[in-house]
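Thanks for passing this one along. Here are a few notes to read with the structure open beside you.

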Amino acid sequence: MKHTRTRAPCFLAAATLLHASANPPPATRAAQIEAKRVEKAAHLTPERLPALHRGFLYFEENRLYYRITSPTPEVSIRFDAPGGGFAAGPQYLRRGLFGGRGEVRTSVVGTTEAFYLADAAFGFPNLAGGRASLEFLALRQWSPYLDYYGPGPGSQKSGRTAYSFENTGFEVRSGYNLSRNISTGGLTRYLLFNVGPGRKDKFASTDEVFTPATTPGLDQQTNFINPGVFLDFNWVRYPRGRRSGTRLLTEYAVFFDTGAAGFTFGRFDVDIRRYFALLNGQREVLLRARAAFADPFGSEGVPFYIQPRLGGAETLRGFRNRRFYDNNMFVLNGEYRWEIADQTDAALFVDAGKVFPSLGQIRPFQELSTSYGFGVRIRQGNVVTWRFDVGFSREGPQVWLIFGDLF
Amino acid sequence: MKGSGALLTAFIFVASAPAQSFFPDDPLWREPPPLRVGKLKARKISDSYDMMQQIVLRPGRNPDAASGAINTLGEVPDSAWYQNRHDLNRPMSVTELVRGATAAGPPSTAGPWKIVSAKGIGATPGLIIEDARGDKFLIKFDPASNPSITTAAEVISSRFFHAIGYNVPETYIVRFRASQLVLAPDAKYFEPEGRERLMTHVDLVRILKSTSVSRDGRYRAMASRFIGGEIIGPFQYFGTRSDDPNDIVPHENRRDLRGLYVFCAWLNHYDAVAINTLDTVVEENGLRFVKHYLLDFGSTLGASALGPRVLRSGNAYIFDLPFAARQLLTLGLAPRPWQVTPDPYHPELGEFGYATFDPRQWKPIYPNPAFRNARPDDTYWAAKKVMAFTDQDIRAIVEVGEYSDPKAREWLVRTLIARRDKIGATFWEDVLPLDNFRFENGTLEFEDLGVEFGFSPPRQYSIQWFSFDNLSGKKTMLPRARSVSLPRELAHLPPGSYFGAEIRGPAQHKSVTVYFRTGKSGMEVVGIDRRY
């Protein structure tokens with residue numbers, strides 16, 4: 001039990017202690033306070049922050065976190081996944097060119113496994129009062145090994161092989177906002193590919209295990225001119241920073257083989273997303289259905305290295321990257337997110353998907369691959385900047401640390 | 001039972017000196033004039049470091065420490081930190097409340113406002129301008145989606161904090177046309193990512209486009225006059241400045257900073273952290289000393305720096321381990337009431353209400369050591385300050401925000417009244433809320449604030465009188481003196497004598513001991529001791 005009271009105790013206690021023996025006790029409360037001040041005045045030292053505090057201050061004043069994670073600063077670090085694990089590299093972005101309308105961006109991203117991606121873009125994102133955009137893009141990608149397990153949903157995990165992949169691409173893309181919710185546009189790409197033996201000691205090279213009959217493009221490589229159109233219906237709103245509504249993205253492109261390999265084909269991609277903000281906007285349920293359909297127009301087929309794929313952080317999170325290849329695919333993703341800390345969500349997810357050779361063989365409930373798992377999302381406002389996922393499937397767990405969102 | 005101070009420690013320290021509980025100048029209502037300070041070094045504070053240390057290291061955490069910087073009545077004397085202004089017994093006039101800290105006036109429109117620098121959109125857009133008189137102001141805007149939200153919060157909250165007793169900058173709502181602004185040739189522009197460059201007219205157009213404009217082409221903004229003196233950076237909510245001789249009470253123990261918790265809870269000033277304070281060396285009345293300010297009230301009421309606040313602001317720390325663990329383990333399916341009970345949304349106000357407001361559970365953005373050390377006697381003091389605002393006072397101050405939507409204005413008034421009453425009911429229940437002690441016709445009179453304001457039913461009190469030896473601190477109980485009438489033994493004491501009365505309510509662990517000193521003109525209250 002304490003018996004204490006409110007009588008300027010800090011003034012009284014300390015001042016009395018310091019002066020009781022050396023000086024006569026103060027006669028007034030004011031004198032007591034003054035004595036304490038005089039005592040402190042004899043031992044003043046300049047204010048100095050601890051070294052760690054100064055380090056934080058430097059980091060903060062130079063906005064280093066912002067520079068590292070945000071795509072808007074002129075020089076930043078870009079995190080991307082050209083394959084081969086965690087990737088990072090410098091990025092340069094310059095906005096406000098040509099009277100504030102133009103911008104240029106270039107980056108080089110690499111991994112410790114010698115995967116590289118270099119790209120450069122020049123564009124006008126806000127033409128016609130913000131209704132139109134035009135962008136020119138060039139990229140070069142080197143991958144010493146990419147996984148290939150064979151075609152179809154029944155490919156075996158034990159059938160893993162590797163192939164090397166080089167890609168050079170040039171793209172012109174234009175967009176136009178038809179209304180607040182609908183935008184459309186067109187694109188043209190020129191794509192050059194080079195595929196070779198995989199340089200991964202543990203696994204056989206793809207060309208040693210598979211044949212051109214099962215794996216189109218294994219023996220013949222070609223280049224493509226690739227025109228396409230896209231349409232984006234966006235009815236997503238942001239109550240309390242959470243998304244609510246529907247978004248439908250579609251793209252149709254034709255890949256014209258410019259060589260003699262006969263690999264011309266068309267491809268249709270559709271991506272439907274539905275967002276639900278629940279419980280006063282404190283929770284979010286996200287659903288996505290995505291599909292890609294390739295039509296070889298009776299040609300030799302679709303080269304395996306540009307076939308639709310499943311597996312990895314963007315599709316089936318319980319499977320390795322590029323686990324399934326074929327001419328067509330669909331994937332369904334469901335995710336429940338809830339806030340656990342400021343700008344931080346926990347997530348539970350489930351994925352299901354399948355690749356298949358032709359529409360007639362879709363049989364959605366046969367050989368369906370499923371995965372489930374949990375994760376953490378770091379947000380800046382309503383944008384997920386970092387994503388950590390642990391996915392499980394019949395083939396074991398997979399861990400993903402990704403810059404950016406899935407939905 | 002806990003008590004409200006630490007006088008016993010004083011007794012321990014003074015073994016070789018005569019102990020004296022009260023001095024002739026007690027209770028002290030104004031600190032003695034400060035010692036003159038020299039040239040002090042300015043320093044900044046890292047908000048992220050402050051957050052990290054408050055979450056992990058917790059400096060200044062000492063909830064058992066008694067409050068400091070108070071007088072023997074438990075009140076906060078006037079100082080460089082705090083000025084007693086609005087009070088239950090000495091209320092300010094409505095005119096004074098509305099005027100707040102404003103004195104020199106808003107930016108002069110006699111000439112253009114020269115833009116010295118600007119922060120870009122993405123952060124809170126803002127300009128630093130110099131008016132025709134050469135006075136500098138910070139100009140802040142509202143987002144276009146929520147006109148008035150931040151500017152109104154700034155001017156309203158600064159009026160409240162000023163009336164409560166803190167030093168705050170002069171803030172004004174201003175309206176002006178774009179033609180009022182001119183760019184200084186060397187005006188700097190700070191992009192959201194921190195890059196600094198010369199400001200262009202395009203930058204200004206972009207800033208103005210990000211805010212709302214009225215039909216007559218005028219922009220609404222908040223103008224905050226630059227604080228004078230030599231700016232030396234923020235103060236921290238723990239420790240003392242090592243170079244300021246007048247800073248002798250650890251900040252985490254100062255009642256004016258502990259009690260600030262209650263004011264911040266009332267007004268939802270969840271951004272009450274070190275970087276939103278400022279110390280400046282001023283010269284007043286020939287004295288040169290450090291004056292302490294509270295700054296930046298844009299994140300109060302239903303506002304945040306960028307628009308409406310998010311619901312967790314004021315309800316959970318930015319990183320709140322118990323909250324996070326509960327959310328994680330329940331998969332978010334056992335939400336807190338504030339997560340699922342929406343307050344009415346007004347674009348000019350955001351979501352700010354009282355239905356789920358619990359004054360004890362309110363939280364700033366990250367832990368504040370002074371707030372965490374607050375004890376019932378600190379919150380009792382602060383609740384008295386809050387309760388001093390009448391409904392009319394609140395309404396008058398809210399008018400300063402110049403909301404265009406009467407519904408937003410009325411909801412804010414209603415919310416602040418309801419939150420005020422919750423604060424009184426909550427924090428006056430923690431102690432026996434007796435106050436305003438005096439003798440009338442030989443009878444001890446006092447007010448039970450809980451009963452007076454209708455938070456508690458009328459209650460019975462027991463009284464025990466005693467004589468008091470001020471030099472030894474010894475109480476001599478008068479066993480038969482148990483009524484409110486002054487006992488005969490105490491009625492004719494010589495001037496300079498001390499005595500007191502211990503008053504208990506129905507809850508025996510809560511008591512108030514009041515000390516009196518006899519004087520030529522009667523009995524004077526010199527000390528109050530609350531136990532709880």
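1. In this predicted model, strand 6 (residues 161-177) and strand 7 (residues 182-197) of chain A run antiparallel and are joined by 15 bridges. The link between strand 6 and strand 7 of chain A is a hairpin of four residues. If you would like a pair to click on, E166(A) has N194(A) in strand 7 of chain A as its bridge partner.

2. Strand 7 of chain A also pairs with strand 9 (residues 223-237) of chain A, again antiparallel, through 11 bridges. Here G186(A) sits opposite V229(A) of strand 9. A general reminder for viewing: side chains in a regular strand alternate between the two faces of the sheet.

3. How far apart are the C-alpha centres of domain 1 and domain 2 of chain A? They lie 75 Å apart. Domain 1 of chain A covers 9-41, and domain 2 of chain A covers 131-403.

4. Chain B is assigned a domain 1 (34-428) and a domain 2 (434-531) as well. The C-alpha centres of these two domains of chain B are 39 Å apart. Each of them, domain 1 and domain 2 of chain B, puts 10 residues into the contact.

5. Which elements give two or more residues to the domain 1 side of that contact in chain B? They are helix 11 (376-387) and helix 13 (406-427) of chain B. Helix 11 of chain B gives the most, with three residues. By class, this side of domain 1 of chain B holds four nonpolar, four polar and two charged residues.

Methods:
Residues are numbered from 1 along each chain as its sequence is written. Chains are lettered from A and ligands numbered from 1 in the order in which they are written. This is a predicted model: local features need pLDDT of at least 70, side-chain atom pairs count only at pLDDT 80 or more; totals for chains, interfaces and linings use all residues. Domain bounds come from an automatic or database domain assignment. Two residues are in contact if their C-beta atoms, placed from the backbone, lie within 7 Å. Ala, Val, Leu, Ile, Met, Phe, Trp, Tyr, Cys and Pro count as nonpolar, Asp, Glu, Lys and Arg as charged, and the others, Gly among them, as polar. Two strands pair if DSSP finds at least two bridges between them.
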